[in-house]
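Reader: I would like a close look at a single part of this model, with the rest of the chain brought in where it helps to place that part. Please take the nonpolar core as the starting point and go on from there.

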Amino acid sequence: SRSPDLAAQSALTALPPRVGDLWAASFRTAATGSGQLITLRAPVASFTSMRYALLLLRCECWDALRNWCSHKDLPAFAAYAAAREWLAAGRSDHAKLGFEKASGSADALARCLRHCEVGGGRRSMEVEESPSNVAYLEHVAGLFGAKGLLEDEYHFLDKAANLDEVKAHRPLHQKLWVALFNKAVQMGRFDKACVALKQIDSFERHLDVLAQKLLSAGRVDLMKDLDEPQRSCFIGKLHERAAMTPPTPGSGALQCYRHLFALHFSKGEYLKAAGIAHALYAALGRLLDGSGGGVAAAEMPQSQALLLSGDCLSRPADVPAPAGSTAAEP
């Protein structure tokens, strides 16, 4: 006989649900006021419906789904189902090819993904009301994103954002390019983020995010290729940051002055670059003038004391003497 502990453990172990039971549950409903259930027998013909296939897909019953597809003349859905199976198995390259093969029948697939429900009024896939090919590509991008495959997710979002239907639909165009921007920043692909930023109308908030990332990564050089509105806004923000604190060695303000000079110089704006250099000189002059007042160097911040005492690495003997004169002994 079985031990009590083993019997109790077996009783508590839940068997995995069978897809047939799940399908039968969709034909069950609660009777009003009685607390009981009304159960109908699932028609045999219902097992050939698309709703049943989507339930197999949701439960990842791949053998049953392949058998279902073998009795249907639905090559696009079969390719889509095969791609889902490859993705579940971790074969992202095969899945990517399968999804792209099925994209030629995006209209039929999008209708299934939008309007077929599996119990409880819940849609099998959550796809917004967009053009069919856009909705399909967004849906596929979301599948890769759920697996943490950001490069593949970006690939399908990029395909959706560059469709002609999207270019004619401004709200959808903006939504997709914002999604592309966020995904590029998440991946650390700041070059792609700059490309996406050019397509966003209300770019100020996104520019703040990108500017912070680029300043931290030391990739401000990417900003020189932005369109004039974004570049001007970014330069304005650098000016604001530079004015917040004194440009002492190692400070963020000094880094902003350097970035401003480099941005103008790289674009051939030499007069503006010279203006930045003069602004830095003036800021340092104000700092030095206001730092006298009998304050000992030992009581000052290290970076400010360094400014007052000069470069600690230089030696007077290393300074060339004027022509025709004799250098003084150190």
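**The nonpolar core and its surroundings**

Author: In this predicted model, the largest nonpolar core comprises 73 residues, and those with the most contacts inside it are L65, F77, Y80, F99, Y136 and L210. Helix α11, which spans residues 170-187, gives the most to this core, contributing eight residues. A general tendency is in keeping with such a grouping: in soluble globular proteins, nonpolar side chains tend to be buried together.

The setting of this core is a chain of 330 residues, of which 34% count as buried, and its secondary structure consists of 17 helices and two strands. Among the contacts in the chain with a separation of 6 or more, 49% join residues that lie 24 or more positions apart.

Burial can be followed in detail in helix α3 (residues 50-58), which is mostly covered, with seven of its nine residues buried. The buried residues of α3 are M50, Y52, A53, L54, L55, L56 and L57, and just after this helix E60 takes a positive phi of about 55°.

A pair of helices shows how two elements are packed: helix α14 (residues 228-244) and helix α15 (residues 252-266) have axes 8 Å apart and meet at an angle of about 150°. Angles over 145 degrees count as roughly antiparallel, and α14 and α15 are therefore roughly antiparallel to each other. The crossing in which α14 passes α15 is left-handed. On the α14 side, the residues that meet α15 are R231, F234, I235, L238, H239, R241 and A242, while α15 brings A253, C256, Y257, H259, L260, L263 and H264 to the contact. As a general point on such spacing, an α-helix has 3.6 residues a turn, so residues three or four places apart point the same way.

How far each part may be relied upon is a matter of the predictor's confidence, for which the mean pLDDT of the chain is 76, with 75% of its residues reaching 70 or more. In the chain, confidence is highest in helix α9 (residues 150-161), at a mean of 92, and lowest in helix α17 (residues 302-309), at 48. Over residues 291-300 the pLDDT stays under 50, and the model has seven contacts beyond four places in sequence for this stretch. Residues 303-312 likewise have a pLDDT below 50, and this stretch has 17 contacts in the model beyond near neighbours in sequence.

Terms used:
Residues are numbered from 1 along each chain as its sequence is written. This is a predicted model: local features need pLDDT of at least 70, side-chain atom pairs count only at pLDDT 80 or more; totals for chains, interfaces and linings use all residues. Side-chain values use heavy atoms; hydrogens and water are left out. A nonpolar core is a set of buried Ala, Val, Leu, Ile, Met, Phe, Trp, Tyr and Cys residues joined through side-chain atoms within 4.5 Å. Buried means under 20% relative accessible area, exposed over 50%, partly exposed in between (1.4 Å probe, protein chains only). Helices (H or I, at least four residues) and strands (E, at least two) are DSSP runs, numbered from the N terminus. pLDDT is the predictor's confidence in each residue, from 0 to 100. Contact means heavy atoms within 4.5 Å. Axes are lines fitted to C-alpha atoms, for helices over the stretch in contact, and angles run from 0 to 180 degrees between N-to-C directions. Angles under 35 degrees count as roughly parallel, over 145 as roughly antiparallel, 65 to 115 as roughly perpendicular and the rest as oblique. A crossing is left-handed if the near helix is turned anticlockwise from the far one by less than a right angle, and right-handed if clockwise.
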